[in-house]
Amino acid sequence: MGSGSLARSVLAGLVGLSLAGPPAVAFAQGTKEATSAGKRWEEEFSFWQRASSGNDVAQYEAYLKQYPNGTFASMARLRVAELQAAARTKEAQPAAEDGAAKAKAADAQKAEAAKKAAEADKAKADDEARKAEEEAARLKAQAEARKAGEAAARKLAEDKAAADAKAKAEAAAAEKARAEAAARLKAEAAKTEADARKRAEEQAAEAERLKKEAQAAADKARAEEAARVKAEADRKKAEEAAAAEKARAEQESAARREAEAKRAEAEKAAAAEKARIEREAAAARKLADEKAAEVERLKAEAAKAAADAEAKAAEAARLAKEAEKRAEEAAAARRQAEGGAAATGRPQDARRTVGPADAGTTDAAKREEETFQKAVVDGSEKAFRGYIAAYPNGRFAADARERLAALSKAGTETTEARRQVEEPVVDPREAYMDRSTRIQAQRWLSALGYNTYGADGVFGPRTRSAIAAWQGSSGYRANGYLTRQQYRMLREAAQYAETRQNRQRRYQRGYDVLEGPVDDYYDGPYYRDDGYYRRRGGVVIIPGY
């Protein structure tokens with residue numbers, strides 16, 4: 001009974017010491033190990049409470065096996081030694097009480113040695129723990145002395161009773177002292193545990209605060225890094241935007257320079273075009289003046305030709321009168337000849353002899369007169385030369401020679417006048433054209449339906465209008481000036497139109513045979529509104545049918 005109470009007191013003291021020692025050291029470690037160390041301590045302390053609540057050696061051995069270097073390892077070894085010694089004492093007491101006393105003394109010595117070893121292991125125990133151990137050793141010595149007295153009291157009952165009474169009194173005092181010491185140690189252990197919990201809570205709070213500070217620092221670092229990355233990205237974007245703006249400004253500057261160059265070129269081209277238009281206007285004015293002079297000249301020539309025509313008409317009337325006179329004379333002579341033949345009484349023989357000769361003479365005179373009249377109507381040197389060649393000694397030979405001389409003189413004067421006329425001013429774009437090609441171009445335009453009102457080789461306003469009209473219908477820019485390519489295209493179009501006209505004229509000889517469809521076929525005389533041919537004959541040949 002006494003030894004168990006003493007052991008529990010010693011255990012309680014050691015519990016208090018352990019609470020004040022190793023756990024505090026464990027909590028003083030790093031913030032990261034505080035939680036795991038506290039958990040291990042709680043598990044060890046709970047295991048120790050279960051083991052120390054009874055007198056089972058197996059529980060203490062299980063504790064020592066799991067925690068060989070634990071906080072309560074020395075106390076567990078001491079308790080195991082006490083329990084084993086008590087067991088051996090109980091076993092040896094029936095055999096020999098003396099041996100038991102010695103064994104107990106030996107066990108006591110062993111327990112004292114184990115206790116001293118535990119005290120050596122717990123060098124950090126305070127003075128109160130040492131006092132509790134000394135008191136426990138003294139009480140144990142008293143218990144052993146009591147046991148020794150009880151052994152001696154077997155012989156003497158009275159001594160035993162007295163010893164028992166004394167032992168009981170001492171035990172009661174010791175029990176009271178142990179209870180007081182246990183209560184004090186328990187209060188100290190509770191205080192120490194409360195302080196340890198408080199320190200653990202403070203350390204946990206400090207650790208949480210440090211953790212929060214670390215998290216805040218990490219968040220701040222991340223935010224600063226994100227801000228730095230964002231600032232770097234913004235800086236790069238700003239640099240890229242500045243580079244793009246610089247490139248755009250350079251492009252705009254280049255575009256402005258190009259536009260300025262184009263504007264200068266346009267102004268230069270406009271000035272050149274203006275100068276060209278002015279030159280063309282001057283040339284057009286000069287051409288107009290030349291055309292007016294030409295018109296005046298043509299009017300004079302037309303007046304002269306009209307006068308010549310009137311003279312020719314008068315001459316023709318005179319010749320006609322002479323021809324009528326000669327015809328009347330020939331008729332009178334014929335009548336006279338016929339009358340003479342009737343007077344002689346040989347009309348048949350006279351007709352056979354005289355008639356053919358008179359008829360041949362009359363026909364020859366008539367042919368000569370017709371030839372001369374045609375020459376007069378034609379009025380050309382060729383016609384008069386033809387008459388002279390046919391009738392060199394004719395009745396009108398002298399007149400024909402006079403007229404031929406007059407025409408030769410007039411032709412010489414006209415040729416000289418034409419040579420004196422200045423050649424028209426040619427546009428540089430049409431420098432490849434001479435007078436003959438310009439005349440041919442005017443003829444082609446008139447053949448295609450773009451009337452130039454004459455082919456004189458001078459491109460006046462009417463010719464320019466005709467050229468512009470043809471250019472517009474052919475898909476060219478209608479400026480009224482022919483390029484080399486346009487001249488070739490105009491020639492091909494005129495040749496095609498001329499070939500078509502010749503083909504139609506060839507088919508229409510004697511009978512209406514047309515290669516169709518031709519112009520005005522459906523509106524012409526060949527086709528009726530009801531889909532039938534008109535009565536006028538005609539065959540339409542459509543290529544491919």
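**Exercise 1.** In this predicted model, find the residue with which D219 forms a salt bridge, and place the pair in the fold.

*Solution.* Start with the atoms. The closest N and O atoms of D219 and R222 are 2.0 Å apart. The cut-off is 4 Å, so the pair counts as a salt bridge. Next, the fold. Both residues lie in helix α8 (residues 157-344). They are 3 residues apart, about one turn of the helix. Last, accessibility. D219 is partly exposed at 33%. R222 is partly exposed as well, at 47%.

**Exercise 2.** Describe the salt bridge between E260 and R263.

*Solution.* The closest N and O atoms are 2.0 Å apart. Both residues sit in helix α8, 3 residues apart. E260 has 41% relative accessibility and counts as partly exposed. R263 is partly exposed too, at 38%. A network of salt bridges with shared partners joins E206, R209 and E213.

**Exercise 3.** R79 forms a salt bridge with E82. Classify each partner as buried, partly exposed or exposed.

*Solution.* The closest N and O atoms are 3.4 Å apart. The two residues are 3 apart in helix α5 (residues 73-92), so about one helical turn separates them. Buried means under 20%. R79 has 9%, so R79 is buried. E82 has 21%, so E82 is partly exposed.

**Exercise 4.** Classify R403 and list residues that R403 touches.

*Solution.* R403 is found in helix α11 (residues 397-420). Its relative accessibility is 16%, so R403 counts as buried. Leaving aside residues up to four places away in sequence, R403 touches K312, E315, F372, V376 and F384.

Note on methods
Residues are numbered from 1 along each chain as its sequence is written. This is a predicted model: local features need pLDDT of at least 70, side-chain atom pairs count only at pLDDT 80 or more; totals for chains, interfaces and linings use all residues. Side-chain values use heavy atoms; hydrogens and water are left out. Helices (H or I, at least four residues) and strands (E, at least two) are DSSP runs, numbered from the N terminus. Buried means under 20% relative accessible area, exposed over 50%, partly exposed in between (1.4 Å probe, protein chains only). Contact means heavy atoms within 4.5 Å. A salt bridge is a side-chain nitrogen of Lys or Arg within 4 Å of a carboxyl oxygen of Asp or Glu.
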